[in-house]
Structure formats: structure tokens, C-alpha cells
Amino acid sequence: MPTPPLPTPLPPSFTPRLVRTLYGDRATEPRPLASGAWSQAYALTLDGAEVVLRVGAHGEDFAKDEAVARLAGPGLPVPPVLARGEA
């Protein structure tokens, strides 16, 4: 299986605008975390809880993450997916 291409860097203003549009004052400014093979991750606080926002071009992979999160248990701790969509 070929390795997926590295994510194309997003314009610096994209993620803060996305967070403001979706969550307004409920969220803090996103802080960049490491980039993975197919997504970029950001740390922020939403409604007082620390969360990670992942942004990438491969929606089917996010759908797989969501399915695994529903099946996860104590032996496989996977954080829940709070929302998924296109921007």
C-alpha cells in the first residue's frame, strides 16, 4: 500500500477562522500540534474541556476513526469523535 502524501499546510488563518465560525466564544484559539501522515492536529478548549481538532483531506479516514471510537473500550482507549464534517 503506498504511503499517503503529507498534508498540504493550511493557511495560518484557516483553523482559527473555522473554530470561531463553528464554536464562537465556546472555544479557545487553536494551538498547532504535530502533523500526522494525513492530518494536522490542534489543541483547544471547547466548553471547558480540552479537545483536539484534526483537519485533513481524507474524510474516509475520519469516518473510520469515528467507527472505532464507538467500539472502543478499556482495552482500546480511543477518544470519542465529537463532530465530523467538511470545510
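Begin by selecting Lys64, Arg70 and Leu71 in this predicted model. These exposed residues sit on the face of helix 2 that is turned away from its buried side.

Next, extend the selection to the whole of helix 2, residues 59-71. Its 13 residues reach 19 Å from the first C-alpha to the last, close to the 18 Å expected at 1.5 Å a residue. Which residues of helix 2 are buried? They are Asp61, Phe62 and Ala69. They cover an arc of only 100° around the axis, which puts them on the same side of helix 2. An α-helix has 3.6 residues a turn, so residues three or four places apart point the same way. Against what do the buried residues of helix 2 pack? Display strand 2 (39-46) and strand 3 (49-56), which are their packing partners.

**The sheet**

Now show the three strands together. They form an open sheet in the order 1-2-3, with antiparallel pairing. Strand 1 (31-35) and strand 3 stand at the edges; each has a single partner strand, so one side of each is left without a neighbour in the sheet. From one strand to the next, the twist averages 30°.

Select helix 1, residues 14-23, which packs on this sheet and touches strand 2 and strand 3. The direction of helix 1 makes about 120° with that of strand 3.

Turn to the pairings themselves. Strand 1 and strand 2 are joined in the antiparallel sense over three bridges. To see one residue pair, select Arg31, whose bridge partner in strand 2 is Ala43. Strand 2 and strand 3 are also antiparallel, and they pair over eight bridges. Here, select Leu46, which stands opposite Ala49 in strand 3. The two strands form a hairpin with two residues between them. Pause at Asp47 in the turn, which has a positive phi of about 55°.

**The salt bridges**

Keep Asp47 selected and add Arg26. How far apart are the closest N and O atoms of this salt bridge? They are 2.7 Å apart. Asp47 lies in the loop between strand 2 and strand 3, and Arg26 in the loop between helix 1 and strand 1, so the pair ties together parts that are 21 residues apart in sequence. Asp47 counts as exposed, at 51% relative accessibility, whereas Arg26 is partly exposed, with a relative accessible area of 43%.

How many salt bridges does a search of the whole structure find? It finds two. For the other pair, select Glu66 and Arg84, whose closest N and O atoms are 2.8 Å apart. This pair links distant parts of the chain: Glu66 belongs to helix 2 and Arg84 to the segment after helix 2, 18 residues apart. Glu66 counts as partly exposed at 22% relative accessibility, and Arg84 counts as partly exposed at 47%.

**The whole chain**

Finally, clear the selection and view the entire protein. Its secondary structure comes to two helices and three strands, which follow the pattern α-β-β-β-α along the sequence. Of its 87 residues, 23% count as buried. Among contacts between residues at least 6 apart in sequence, 28% join residues at least 24 apart.

Key. Residues are numbered from 1 along each chain as its sequence is written. This is a predicted model: local features need pLDDT of at least 70, side-chain atom pairs count only at pLDDT 80 or more; totals for chains, interfaces and linings use all residues. Side-chain values use heavy atoms; hydrogens and water are left out. Helices (H or I, at least four residues) and strands (E, at least two) are DSSP runs, numbered from the N terminus. The expected span of a helix is 1.5 Å times one less than its number of residues. Buried means under 20% relative accessible area, exposed over 50%, partly exposed in between (1.4 Å probe, protein chains only). The arc is that of the directions from the helix axis to the C-beta atoms. Contact means heavy atoms within 4.5 Å. Two strands pair if DSSP finds at least two bridges between them. Axes are lines fitted to C-alpha atoms, for helices over the stretch in contact, and angles run from 0 to 180 degrees between N-to-C directions. A salt bridge is a side-chain nitrogen of Lys or Arg within 4 Å of a carboxyl oxygen of Asp or Glu.
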